[in-house]
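Please open the model in your viewer and keep the selection tool at hand. The tour moves from one selection to the next and says what is found at each stop.

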Amino acid sequence: MKLQYIDGERRAGTGAPLTIVEPATGLEITSGTAASAADVGVAVEAAARAFSCWAATTPVERSAALLRWADLVEARADELAAMESRGGGKPIKLATGFDIPGVVDNMRFFASAARQLEGRASAEYSGDHTSSIRREPIGVIGSIAPWNYPLQMAAWKVLPAIAAGNTVVLKPSELTPLTSLVFAELAVEAGIPAGVFNVVTGFGAEAGAALVAHPSVAMVSFTGSTAVGKQVAATAAGAVKRVHLELGGKAPFVVFDDADLDAAARGAVAGALINAGQDCTAATRAYVQRPLFDEFVARAAELMDGVRIGPVDDPATDLGSLISPGHRDRVAAMVDAARAAGAKVVRGGAIPPEFASSGGYYEPTLIVDAQQDSAIVQQEVFGPVLVCLPFDTDDEAIALANDTAYGLAASAWSRDVFRTQRAAREIAAGCVWINDHIPIVSEMPHGGFKASGFGKDMSMYAFDEYTQVKHVMAELTGVAAKPWHELIIGPPTS
Ligand code: NAD
């Protein structure tokens with residue numbers, strides 16, 4: 001299969017052979033060739049050529065195109081969901097109920113938002129000039145996406161960029177490019193000109209690095225790990241290139257002693273197991289006030305016992321495969337290390353026996369007695385693993401919640417408005433849920449604090465990333481000798 005979409009057509013890459021496999025079975029879905037650095041250059045040139053025309057379209061034209069595009073994606077929702085499920089190892093009900101509808105909603109949001117770009121009022125701030133603000137697109141955006149929600153992560157980057165008049169070269173993860181390729185084809189079918197949205201499927205070290213470094217890429221928008229994000233930022237800094245980084249997370253889940261215990265336990269297990277825990281906002285560290293701790297752990301264990309592990313195309317499956325056996329082994333090694341360091345694995349902590357020889361399955365895993373400074377508490381596991389730790393005072397809970405390098409998301413559970421408002425104020429994270437964990441809406445921003453990155457996806461705030469503000473100052477008097485000239489060249493001589 002041709003795995004590149006450049007300037008309105010599918011092309012074969014000139015890089016290394018690339019096989020796309022089903023994470024849940026290890027079977028091949030398709031194969032082709034990856035994008036080389038030269039292919040990335042061709043895609044960037046196409047995007048650069050398309051920029052001036054696309055930037056000159058009116059907001060209503062861009063909005064109309066996005067709405068047509070959304071209709072086309074929605075019409076193929078079932079097919080895209082099946083592709084996302086198969087390619088990502090995720091249960092079909094998650095792809096059908098979350099991934100694809102989320103993308104369609106995002107498309108319609110940005111179609112509307114394209115017509116509402118704002119700046120400050122134009123006015124005569126100096127008295128003698130009218131100052132106005134132009135909010136302009138930046139140019140060619142290099143977008144790099146991870147494999148966990150392939151189409152959603154692509155959409156979060158590509159849609160605000162295109163809605164604001166930029167053109168894009170997207171590099172999806174080499175593991176999960178297939179839905180992004182269809183997404184780009186449908187953009188052209190919707191009337192978005194060839195070259196506005198290109199997809200280069202390739203490896204990070206070659207295609208990703210080439211995209212970040214390309215001199216015609218004006219901005220890099222990256223979603224992925226903090227380690228790679230640092231490399232991207234370092235390269236971009238060398239060219240004073242704008243960057244937007246959506247990086248890792250290690251979300252705390254704080255349960256105060258007046259919380260609804262059942263709601264909190266359900267929220268923690270669902271929040272930890274979504275997408276097999278391969279979610280940057282997943283609930284990973286549950287801090288539970290001591291009077292509720294034992295009951296919370298027992299309830300969470302009971303809920304994990306009910307989780308149905310199965311083939312991803314079975315509508316009853318709750319938990320699918322991790323992205324690869326290699327990633328599953330990394331998760332298993334982190335759990336084993338926690339166990340060796342004295343933590344107790346209350347549930348899971350193993351490969352389900354019935355899936356031992358296929359794919360990257362791992363059991364829902366519940367851990368207690370881990371140390372706050374241990375790797376299982378501090379580092380991103382990106383698997384179906386929830387660690388529960390007790391706390392005594394509210395001060396302690398807030399301090400523990402803030403005690404990792406990350407700051408992407410968090411939640412606080414209590415019936416006391418003062419406690420939840422304090423947690424919302426004092427937890428350093430880009431999103432704090434109160435009495436829930438995970439829901440997102442297109443109208444609200446998503447983005448990190450601390451090592452989770454900076455900049456926002458979704459919402460009107462995304463336009464702050466994908467536009468630049470220009471001040472236009474027009475002189476009104478028509479007088480040649482301005483009073484301020486005297487400060488520099490003296491009074492007029494005639
Ligand atoms: P990753 O960092 O390994 O890869 C992300 C992307 O970067 C891939 O497309 C990869 O090919 C590319 N890449 C790798 N090396 C590169 C390089 N040197 N230069 C340029 N590009 C390069 O991450 P992943 O394993 O694909 O995804 C999981 C990570 O993504 C987790 O850390 C997760 O928390 C994070 N994530 C964050 C958010 C968020 O919104 N903050 C959302 C989803 C995932």
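Begin by selecting T176, which counts as buried because its relative accessibility is 5%, under the 20% cut-off for that class. Keep in mind from the outset that this is a predicted model. T176 lies in the loop between β7 (167-171) and α6. If you now display its surroundings, leaving aside residues up to four places away in sequence, you will find that T176 touches G87, G88, P146, W147, P150 and I323.

From this loop, move on to helix α6 (residues 178-189) and show it together with helix α5 (residues 150-163): the two pack at an angle of about 40 degrees, and their axes are 8 Å apart. α5 and α6 are therefore oblique to each other, and their crossing is right-handed. To see what makes this contact, select P150, L151, A154, A155 and L159 on the α5 side, and T179, S180 and F183 on the α6 side. Coloured by class, the residues of the contact of α5 with α6 divide into 6 nonpolar and 2 polar, with no charged residue among them. P150, just selected as part of α5's contact with α6, is also one of the residues that T176 touches.

Next, select M107, which is found in helix α4 (residues 92-113). With a relative accessibility of 0%, M107 counts as buried. Setting aside residues up to four places away in sequence, M107 touches L66, W69, A70, V73, L159 and F183. Of these, L159 and F183 can be recognised from the previous stop, where L159 belongs to the α5 side and F183 to the α6 side of the contact. If you also pick W156, you can follow a separation of 9.0 Å between its C-alpha atom and that of M107, although the two residues are 49 residues apart along the chain.

For the last stop, keep α4 in view and add helix α2 (residues 59-75), whose axis comes within 8 Å of that of α4 and crosses it at roughly 170 degrees. α2 and α4 are therefore roughly antiparallel to each other. The residues to select on α2 are S63, L66, L67, W69, A70, D71, V73 and E74, while those on α4 are V104, M107, R108, F110, A111 and S112. Which classes of residue make up the contact of α2 with α4? By class, this contact has 9 nonpolar, 2 polar and 3 charged residues.

How values were computed
Residues are numbered from 1 along each chain as its sequence is written. This is a predicted model: local features need pLDDT of at least 70, side-chain atom pairs count only at pLDDT 80 or more; totals for chains, interfaces and linings use all residues. Side-chain values use heavy atoms; hydrogens and water are left out. Axes are lines fitted to C-alpha atoms, for helices over the stretch in contact, and angles run from 0 to 180 degrees between N-to-C directions. Helices (H or I, at least four residues) and strands (E, at least two) are DSSP runs, numbered from the N terminus. Angles under 35 degrees count as roughly parallel, over 145 as roughly antiparallel, 65 to 115 as roughly perpendicular and the rest as oblique. A crossing is left-handed if the near helix is turned anticlockwise from the far one by less than a right angle, and right-handed if clockwise. Contact means heavy atoms within 4.5 Å. Ala, Val, Leu, Ile, Met, Phe, Trp, Tyr, Cys and Pro count as nonpolar, Asp, Glu, Lys and Arg as charged, and the others, Gly among them, as polar. Buried means under 20% relative accessible area, exposed over 50%, partly exposed in between (1.4 Å probe, protein chains only).
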